[in-house]
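I opened my notebook to get to know a new structure. Here is what I looked up, entry by entry.

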Amino acid sequence: MRQDLRRFAPIGLWLALFGTVCSIVFLVVFREYSFVVKSCIGLAILGLASYAIFDPLHALSIITGRKARFGGMVLFMTF
């Protein structure tokens, strides 16, 4: 059962990407923080949340993985 839900997780990431791109486009085109922009941001958050719900182990490994821990140090070392 868990494997069946895991295959729907990438759909959540695509939904989040679509919401992010749409919110940026609408913000640039209309130049105001309107209801459409807020709805697209909500869609992006909903997509990320659905990804975390459908595949929690992979979402946790992204947050607490080695690249996440030591990648921030590279940012500080470059400045």
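**Entry: aromatic pairs.** I looked for paired rings and found 2 aromatic pairs in the structure. In one of them, the ring centres of F8 and F54 are 6.5 Å apart and the planes stand at 55 degrees, so I noted this pair as tilted. The pair joins distant parts of the chain, with F8 in the loop between α1 and α2 and F54 in helix α3, 46 residues apart. I also checked how open each partner is: F8 is partly exposed at 35% relative accessibility, and F54 is partly exposed with a relative accessible area of 26%.

Next I turned to F26 and F30, whose ring centres are 5.8 Å apart with planes at 5 degrees, so this pair is stacked. Planes under 30 degrees apart count as stacked. Both F26 and F30 sit in helix α2, 4 residues apart, which is about one turn of the helix. An α-helix has 3.6 residues a turn, so residues three or four places apart point the same way. F26 is partly exposed at a relative accessible area of 28%, and F30 is partly exposed at 47%.

I should add for myself that this is a predicted model.

**Entry: the overall plan.** How many helices and strands does the protein have? I counted 5 helices and 0 strands. Read along the sequence, the pattern is α-α-α-α-α. Of the 79 residues in the protein, 20% are buried. I then looked at contacts with a separation of 6 or more, and residues 24 or more positions apart account for 62% of them. The accessible surface comes to about 6400 Å², and carbon and sulfur atoms hold 76% of that surface.

**Entry: helix α3.** I wanted to know whether the span of this helix agrees with its length. At 1.5 Å a residue, the 20 residues of α3 should span 28 Å, and the end C-alpha atoms are 28 Å apart, which agrees.

Which residues of α3 are buried? They are V37, C40, A44, G47, S50 and Y51. Looking down the axis of α3, I saw these buried residues fall within an arc of 145 degrees, so they line one face of the helix. What covers the buried residues of α3 includes α2 (9–30) and α4. On the face of α3 turned away from the buried side, I found the exposed residues F35, I45, L46 and I53.

**Entry: a charged pair.** My last search was for salt bridges, and the count came to 1 salt bridge. The side chains of D55 and R6 meet in it, at 3.3 Å from N to O. D55 lies in the loop between α3 (35–54) and α4 (56–64), and R6 lies in helix α1 (residues 2–6), so the pair ties together parts that are 49 residues apart in sequence. Side chains of opposite charge can pair when their charged atoms come close.

Is D55 buried or exposed? D55 is buried, with a relative accessible area of 10%. Its partner R6 is partly exposed, with a relative accessible area of 30%. The cut-off I used here is that buried means under 20% relative accessible area.

**Entry: to remember.** Two links across the chain go into my summary: F8 with F54, 46 residues apart, and D55 with R6, 49 residues apart in sequence.

Note on methods
Residues numbered from 1 in each chain as written. Predicted model: local features only at pLDDT ≥ 70, side-chain atom pairs only at ≥ 80, totals over all residues. Heavy atoms only, no water. Salt bridge = Lys/Arg side-chain N within 4 Å of Asp/Glu carboxyl O. Buried < 20%, exposed > 50% of the residue type's maximum accessible area, 1.4 Å probe, protein only. Contact = heavy atoms within 4.5 Å. Areas by Shrake-Rupley, 256 points an atom, 1.4 Å probe, with all protein chains shown as cover. Expected span 1.5 Å × (residues − 1). Arc of directions from axis to C-beta. Phe/Tyr/Trp six-rings, centres within 6.5 Å; stacked < 30°, edge-to-face > 60°.
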